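Q: I should like to learn how to read the contact between two protein chains. Could we work through one example together?

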Amino acid sequence: MKMRNYLSRFGNKGFVLTLDLILAMVVVFTVLAVILFFVGRGSEVTLSEHQLTLIGSDIITLLDQKKSFDSFDSTEISIALTEIIPAQYEMLVRLQGDFTEGNGTIEVGGEIPSQRLITAGQRLAMSDTNTLFTITYFIWPRLQ
Amino acid sequence: MKSKGMFYTLGLTLFVLVLLSLAILFFQHASQVESRQIELGFTQKVYDVDQSVKSVLVDAFQSTTTFSVAAATNSVTISQNLLQSYATFQNLVQDIKNISENSFNLDLQSADFFSNRRLVINNNNNSIIYSNNNSGEVLISANPTIAGYAVTILPSAAITSCQPNLVTGGALNFSLWAVFQASNCMLSEASVTSGTVDLWINSKLISFVISESGQLSINTSASEESSLTIFFDELQQKPKVFLPIPVVINEPSFTFTKTSYPVVD
């Protein structure tokens, strides 16, 4: 008797309420998933960009320590750069200073792509003959 | 019926508030990620500039002067010509200063270095000044951590006279070693308080003076190669020798200023 009264009072509203609840949960969890996805992706982008800068800096430091820039010969520098750069990255290295080769500006490496993640850095260097020059480098992931 | 409507309105408001909070959280995080990206990029830029300028300064110092510095766990050895010229180094530092200040937000304060011509030896937060002025004087400032000095002179001519006048009874070790063919001047005292040693090479005097405070000064007009080892009491860390040329990096947009010095060894 009590059960019948209960059903007659609420009818099939329980079913609708349950559906409403499920729909609300689906919406909430979808929103949460989207947020978590973007939040995670943002952190990944930051770290990968920083990693890219670190790799670029390390490559330039290594080439500078090996005195690979001292010849100011773009072919020699290009060979040294190709030997050292990891396969999944591309780089453009620009040397600027008071040297005769290339009227004081030498560029070695790939062409900077558009609409890609590129990081850059700058260093000061000195050759064995005490010629001062700045090294500007750009690094980006190579298209697979 | 009325209370049910209120319940739904409240529920919906709560739901919208939750969504709004999440949206705010998301935007805050996005802006934080962006500023972190800028900060990380800036950090790397500062590191690159700072390290490379200091490295170039040290290379310039080593390639244009006769200085050679080697630090060990309880000693520092500085080799140099006693009449050290800084002219080439000074010109090169001016070029480094011009390029650095034009290319980076950097200030290279080298004026004091060239007027005082000093190296700073830092051990356990004690600073010992090694100065080499224009008038042919090498001076090592007194410091309680200094246990002794060992000087080697490589004479370019015969030693004509060697006159030690050392007062013993102190705690300082002092040794001098100079040999040219058959002539020599070799001393080793383990407990010096103060004193002088006059060494004559080809009618040019090299005068060593140890003061009671423990300061050592070498005065000469002789252009001789020398090697001076400063021994310290037991140290926890290897001492560092640096050029007192402050490399100041300024970045007004980050209200950031970094001052550091090139470390020779």
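**Reading an interface**

Q: Which side chains meet in a salt bridge between A:Arg123 and its partner in chain B?
A: Side chains of opposite charge can pair when their charged atoms come close. In this predicted model, the side chains of A:Arg123 and B:Asp48 form such a pair, with N and O 3.4 Å apart. Across the interface of chain B and chain A, the rule finds one salt bridge.

Q: Which helices of chain B supply at least two residues each to the side that touches chain A?
A: Helix H1 (2-64) and helix H2 (87-103) of chain B each do so. H1(B) gives the most, with 21 residues. Sorted by class, that side of chain B has 15 nonpolar, eight polar and five charged residues.

Q: How many residue pairs are in polar contact between chain B and chain A?
A: The count is six residue pairs, with both residues at pLDDT 80 or more.

Q: How many residues does each chain bring to the contact, and what area do the chains bury between them?
A: Chain B brings 28 residues and chain A brings 31 residues. Together the two chains bury about 2500 Å², and 71% of this lies on carbon and sulfur atoms. On the side of chain B, B:Phe26, B:Gln44 and B:Asp48 supply 20% of the area that chain B buries against chain A, more than any other three residues. B:Asp48 thus appears here as well as in the salt bridge with A:Arg123.

Q: How many salt bridges are there over all chains, and where is one within chain B?
A: The structure holds eight over all chains. One of them joins B:Glu39 to B:Arg36, whose closest N and O atoms are 3.4 Å apart. The two residues are separated by about one helical turn, because they stand three residues apart in helix H1 of chain B.

Q: What radius of gyration does chain B have, beside that of a compact globule of 265 residues?
A: Such a globule would have a radius of gyration near 18 Å, whereas chain B has 30 Å. The C-alpha atoms of chain B fill a box of roughly 120 × 45 × 25 Å along the principal axes. Chain B has three helices and 15 strands.

Q: What pLDDT does chain B average, and what are the ipTM and pTM of the model?
A: Where pLDDT is low, the predicted coordinates should not be read in detail. Chain B averages a pLDDT of 87, and 98% of the residues score at least 70. The model scores ipTM 0.76 and pTM 0.81.

Notes. Residues numbered from 1 in each chain as written. Chains lettered and ligands numbered in written order. Heavy atoms only, no water. Contact = heavy atoms within 4.5 Å. Buried area = accessible area lost by both parts, 1.4 Å probe. Salt bridge = Lys/Arg side-chain N within 4 Å of Asp/Glu carboxyl O. Polar contact = N/O pair within 3.5 Å; in protein donor to acceptor, adjacent residues only side chain to side chain. Helix = DSSP H or I, 4+ residues; strand = E, 2+ residues; numbered from the N terminus. Nonpolar A, V, L, I, M, F, W, Y, C, P; charged D, E, K, R; others polar. pLDDT = per-residue confidence, 0-100. Rg over C-alpha atoms; globule rule 2.2 N^0.38 Å.
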